[in-house]
Amino acid sequence: MGHHHKPNREVGGDPDRDSDHGRGLPRRPDSERLDRRTERDRRAVGLPDGAPEPAAVQYEEAHAEIDRQAASGQLPTGDARRAERDAYPPSRYDR
């Protein structure tokens with residue numbers, strides 16, 4: 001007589017409906033609960049409330065600041081020809 005394997009649903013129940021199946025993450029995690037936990041954890045470590053700014057927003061702010069400094073002359077732009085620029089690194093030798 002051959003061995004007959006019972007389907008998993010007969011042996012262990014339905015993993016989609018039974019709450020005692022503990023295999024991995026749930027198919028649809030509770031996003032509200034996750035958000036509350038994230039905010040609680042952020043407060044616990046001293047970070048400000050709310051999500052951090054997206055990297056694209058941070059990049060645009062930094063780019064705008066660089067453009068502002070270049071336009072005001074605080075930041076050299078490299079528009080001068082090489083012969084017109086100071087030697088870099090500065091040399092202690094005569095030319």
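**View 1. Asp35 sits in helix α2.** In this predicted model, Asp35 is a handy residue to start from. Its relative accessible area comes to 49%, so Asp35 counts as partly exposed, because that class ends where exposed begins, at over 50%. If you look for a partner further along the chain, try Ala51: 16 residues separate Asp35 and Ala51 in sequence, and their C-alpha atoms are 9.8 Å apart.

**View 2. Helix α2 covers residues 31-44.** This helix has 14 residues, and the distance from its first C-alpha to its last is 20 Å. That is close to the 20 Å expected at 1.5 Å a residue. Do look at the start of α2, where a side-chain oxygen of Asp30 comes within 3.4 Å of the backbone nitrogen of Glu32. After the helix, the residue to find is Gly46, which follows α2 and has a positive phi, near 90 degrees.

**View 3. The second largest pocket is lined by residues that include Asp30 and Leu34.** Here is the full lining for anyone who wants to select it: Pro29, Asp30, Arg33, Leu34 and Arg37. Sorted by class, three of the lining residues are charged and two are nonpolar, with no polar residue among them. The space in this pocket amounts to about 180 Å³. Asp30 may look familiar from the previous view, where its side-chain oxygen reached towards the backbone nitrogen of Glu32 at the start of α2.

**View 4. Helix α3 runs through residues 55-72.** Does its length fit, and what should one expect? With 18 residues at 1.5 Å a residue, α3 should span 26 Å, and its end C-alpha atoms are indeed 26 Å apart, so the two values agree. Gly73 comes after α3, and its phi is positive, near 90 degrees. A glycine with a positive phi near 90 degrees also follows α2, namely Gly46.

**View 5. The whole protein has three helices and zero strands.** Zooming out, the elements read α-α-α from the N terminus on. How much of the protein counts as buried? Of its 95 residues, 2% do, where buried means under 20% relative accessible area. The protein exposes about 9,800 Å², and 51% of that area is supplied by carbon and sulfur atoms.

Terms used. Residues are numbered from 1 along each chain as its sequence is written. This is a predicted model: local features need pLDDT of at least 70, side-chain atom pairs count only at pLDDT 80 or more; totals for chains, interfaces and linings use all residues. Side-chain values use heavy atoms; hydrogens and water are left out. Helices (H or I, at least four residues) and strands (E, at least two) are DSSP runs, numbered from the N terminus. The expected span of a helix is 1.5 Å times one less than its number of residues. Buried means under 20% relative accessible area, exposed over 50%, partly exposed in between (1.4 Å probe, protein chains only). Accessible areas come from the Shrake-Rupley method with a 1.4 Å probe; for residues, only the protein chains shown count as cover. On a 1 Å grid over the protein atoms alone, a cavity is a set of points where a 1.4 Å probe fits but cannot get out, and a pocket is an open set with protein on both sides within 12 Å along at least five of seven lines; lining residues have an atom within 4 Å of a point. Grid points are joined across faces, edges and corners, and a volume is the space filled by probe spheres set on the points. Ala, Val, Leu, Ile, Met, Phe, Trp, Tyr, Cys and Pro count as nonpolar, Asp, Glu, Lys and Arg as charged, and the others, Gly among them, as polar. A polar contact is a pair of N or O atoms within 3.5 Å; within protein, one must be able to donate a hydrogen and the other to accept it, and residues adjacent in sequence count only if both atoms are side-chain atoms.
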